[in-house]
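Let's take a friendly walk through this structure, starting with its charged pairs and moving on to the residues packed inside.

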Amino acid sequence: MLVFCAVLLSWSPLARAETSAGAAQNPDGPAGLSQQYETLKDQLLHNQYGKPLYLNSAESSDSVKGDIYAILDAPFSQVHAALGSSANWCDILILHLNTKYCRITNDQNKPMLRVHIGKKLEQDLDDTYRVDFNYRTLASNDTYFSTAMQADKGPLDTSNYRIRIEAIPLPDGRSFLHLMYSYSYGMASKIALRAYLATIGRDKVGFTVTGKRANGEPEYVRGVRATVERNTMRYYLAISAYLDSLATPPDQRLEKRLVSWFNDTELYKPQLHEVDRSEYMSMKRNEIARQQTKLE
């Protein structure tokens, strides 16, 4: 159960909880996203990340939630084409350590993402957890898009998985992105969560600074919010790596994405370091080869 909880917290979309002022609870259209940009402009430019982003996390008694708002150094047309349909999402999701397999299928002529999650090492698919996401386009035009991925059931007694994404163009030719993850959990997974956070997950930290230590170093948030923040950052970096790779020749894009994702996660070693470069590269090359050839 502890292994399951570690996998779940490292990978899963995050929750239905109250957020702090400044971060919307739900995607709310181009006007709302534009207002978020104005509200967060200073925090996007001046933060601890070294990147133009704002990360927010929260938890409730039976769910967790994460939001990330970020300026992408790419024109809206490119962001829309890359992220506004189901076609490229398996190439993005597989960059995450815990995503072992992803394939796009059709359920009654509607796209579905079949995703397997597992440990931070190579595994047979039979040893992983499968979650099926129904994919929907909520809005799509020249100045705004919004999509949603939804899974009603997950491993153990987790449920109500949601992945939402929306974006607008900025006046300077860049784009503004909002990424939201959420899921709910029942009693069994709540018990596992508490056990995980009291044992193998007790020393893991997130990004929110909660205070300062006696030596002046920052004290970071721990517990459920920390897991939310680590996961949100990993997915932002996967999106960023995918978009950055589009400027390279097609036959070089995979290696570009892998290198970019790993290098960027290493910028935040206290939060995100799990394996060394050679382990990550070898594991992902093998998983991607399986993803391209193995049909279920």
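A good place to begin is the salt bridge between Asp264 and Lys51, whose closest N and O atoms are 4.0 Å apart. This pair connects distant parts of the chain: Asp264 belongs to helix H7 (residues 253-265), while Lys51 sits in the loop between helix H2 (29-45) and strand S1 (53-59), 213 residues away. Both partners, Asp264 and Lys51, are buried. Please keep in mind that the model is predicted.

**Other salt bridges**

How many salt bridges does a search of the whole structure find? The search returns 15. Three of them are set side by side here.

| Salt bridge | N to O distance |
|---|---|
| Asp264 and Lys51 | 4.0 Å |
| Arg213 and Glu219 | 3.1 Å |
| Glu255 and Arg285 | 3.0 Å |

In the pair of Glu255 and Arg285, the side chains meet at 3.0 Å, N to O. Because Glu255 is in helix H7 and Arg285 in helix H9, this bridge ties together parts that lie 30 residues apart in sequence. Glu255 counts as partly exposed because its relative accessibility is 31%, and Arg285 is also partly exposed, at 39%.

Arg213 and Glu219 form their salt bridge at 3.1 Å. Here too the partners are partly exposed: Arg213 has a relative accessibility of 39%, and Glu219 has a relative accessible area of 24%. This pair is part of a wider arrangement, since a network of salt bridges links Arg213, Glu217, Glu219 and Arg222.

**A buried glutamate in helix H9**

Helix H9 (residues 277-293) also holds Glu287. Is Glu287 buried or exposed? Its relative accessibility is 2%, so Glu287 counts as buried; the cut-off for that label is under 20%. The side chain of Glu287 makes a polar contact of 2.8 Å with the side chain of Lys284. Beyond its neighbours within four places in sequence, Glu287 is in contact with Ile94, Thr99, Lys100, Leu121 and Glu122. Leu95 is 192 residues away from Glu287 along the chain, yet their C-alpha atoms are separated by 9.7 Å.

**A buried serine in strand S8**

Ser175 lies in strand S8, which covers residues 175-184. With a relative accessibility of 0%, Ser175 counts as buried. Which backbone atom lies 3.1 Å from a polar atom of the Ser175 side chain? The backbone nitrogen of Phe76 does. Phe76 is also on the list of residues that Ser175 touches when those up to four places away in sequence are left out; that list includes Ala70, Ile71, Leu72, Ala74, Pro75 and Val79, as well as Ile168, Pro169 and Leu170.

**The nonpolar cores**

The largest nonpolar core contains 55 residues, and those with the most contacts inside it are Leu83, Trp89, Leu113, Phe133, Met233, Ile239 and Tyr280. Helix H6 (residues 224-245) supplies the largest share of this core, with nine residues. Looking at Trp89 and setting aside its neighbours within four places in sequence, we find it in contact with Leu83, Leu113, Tyr135, Met149, Ile165 and Ile239. Apart from this core lies another one, of 11 residues, including Leu33, Tyr37, Tyr54 and Phe176.

Conventions. Residues numbered from 1 in each chain as written. Predicted model: local features only at pLDDT ≥ 70, side-chain atom pairs only at ≥ 80, totals over all residues. Heavy atoms only, no water. Helix = DSSP H or I, 4+ residues; strand = E, 2+ residues; numbered from the N terminus. Buried < 20%, exposed > 50% of the residue type's maximum accessible area, 1.4 Å probe, protein only. Contact = heavy atoms within 4.5 Å. Polar contact = N/O pair within 3.5 Å; in protein donor to acceptor, adjacent residues only side chain to side chain. Core = buried A, V, L, I, M, F, W, Y, C linked by side-chain atoms within 4.5 Å.
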